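Here is a friendly walk through one protein chain. Have a look at the structure first, and then read on for its main features.

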Amino acid sequence: MTFSLGDVAGLLAAIAFLLLVGFLAYPLIKLGRVLEEARAGLREVTEHSVPILDETATAVASANTQLEKVDVVTTSAASVSENVSALTGLYAATLGGPLVKVAAFSYGVRQAFAKATGRYDGDRGADTAPGSGRHAAAPEGGAR
């Protein structure tokens with residue numbers, strides 16, 4: 001058997017191509033293993049994240065329920081506050097004015113009794129001193 005120069009060149013080209021395929025097959029096998037590991041990791045992350053998302057949805061729903069309850073309590077507290085404010089205004093209107101008048105009347109009676117018994121020293125300078133925070137009584141017959 002005699003080989004021509006073309007046959008030897010073809011045989012060398014085939015061997016070179018076989019070596020090239022061998023060198024390229026190794027990185028492709030490694031890449032396949034890397035992709036398999038990535039797929040397994042992604043599957044594991046998915047398996048663990050779905051229950052976490054379910055728990056989060058449950059927690060958000062529970063928080064929403066609690067916020068609705070807090071809203072009811074806040075609305076009730078605002079209603080109570082309005083009622084207390086109205087009651088305070090009613091008390092001030094009903095009893096505030098008469099109590100001031102009773103206090104002024106009792107002060108006048110004490111002053112008159114003090115004048116009648118001779119123990120009256122005037123308005124006592126300490127009661128009307130500037131900056132004391134107290135005011136002298138209204139003049140007789142005059143309204144405040």
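## A chain built on one helix

Of the 144 residues in this protein chain, 1% count as buried. Please keep in mind that the model is predicted. Its secondary structure comes to 1 helix and 0 strands. The accessible surface of the chain is about 12,500 Å², and carbon and sulfur atoms account for 69% of that area.

Let's follow the helix along the chain. Helix 1 covers residues 5-117, and Leu-12 has its place there. Leu-12 also joins Met-1, Phe-3 and Val-8 in a nonpolar patch on the surface, and together these residues have about 520 Å² of accessible area.

Further along, Glu-36 and Arg-39 form a salt bridge, with their closest N and O atoms 2.6 Å apart. The count of salt bridges comes to 1. Side chains of opposite charge can pair when their charged atoms come close. Because Glu-36 and Arg-39 are 3 residues apart in helix 1, about one helical turn separates them.

How accessible are the residues met so far? The table gives the values for three of them.

| Residue | Relative accessibility | Class |
|---|---|---|
| Leu-12 | 56% | exposed |
| Glu-36 | 40% | partly exposed |
| Arg-39 | 47% | partly exposed |

Where does helix 1 have a kink? The kink lies at Leu-95, shortly before the proline Pro-98, and amounts to about 35 degrees. Just after helix 1 comes Gly-118, which takes a positive phi of about 85 degrees.

Notes: Residues are numbered from 1 along each chain as its sequence is written. This is a predicted model: local features need pLDDT of at least 70, side-chain atom pairs count only at pLDDT 80 or more; totals for chains, interfaces and linings use all residues. Side-chain values use heavy atoms; hydrogens and water are left out. Helices (H or I, at least four residues) and strands (E, at least two) are DSSP runs, numbered from the N terminus. Buried means under 20% relative accessible area, exposed over 50%, partly exposed in between (1.4 Å probe, protein chains only). Accessible areas come from the Shrake-Rupley method with a 1.4 Å probe; for residues, only the protein chains shown count as cover. Patches are made of residues with over 30% relative accessible area and no salt bridge: like charges are joined within 9 Å, nonpolar side chains (Val, Leu, Ile, Met, Phe, Trp, Tyr) within 5 Å. A salt bridge is a side-chain nitrogen of Lys or Arg within 4 Å of a carboxyl oxygen of Asp or Glu. The bend at a residue is the angle between axes fitted to the seven residues ending there and the seven starting there.
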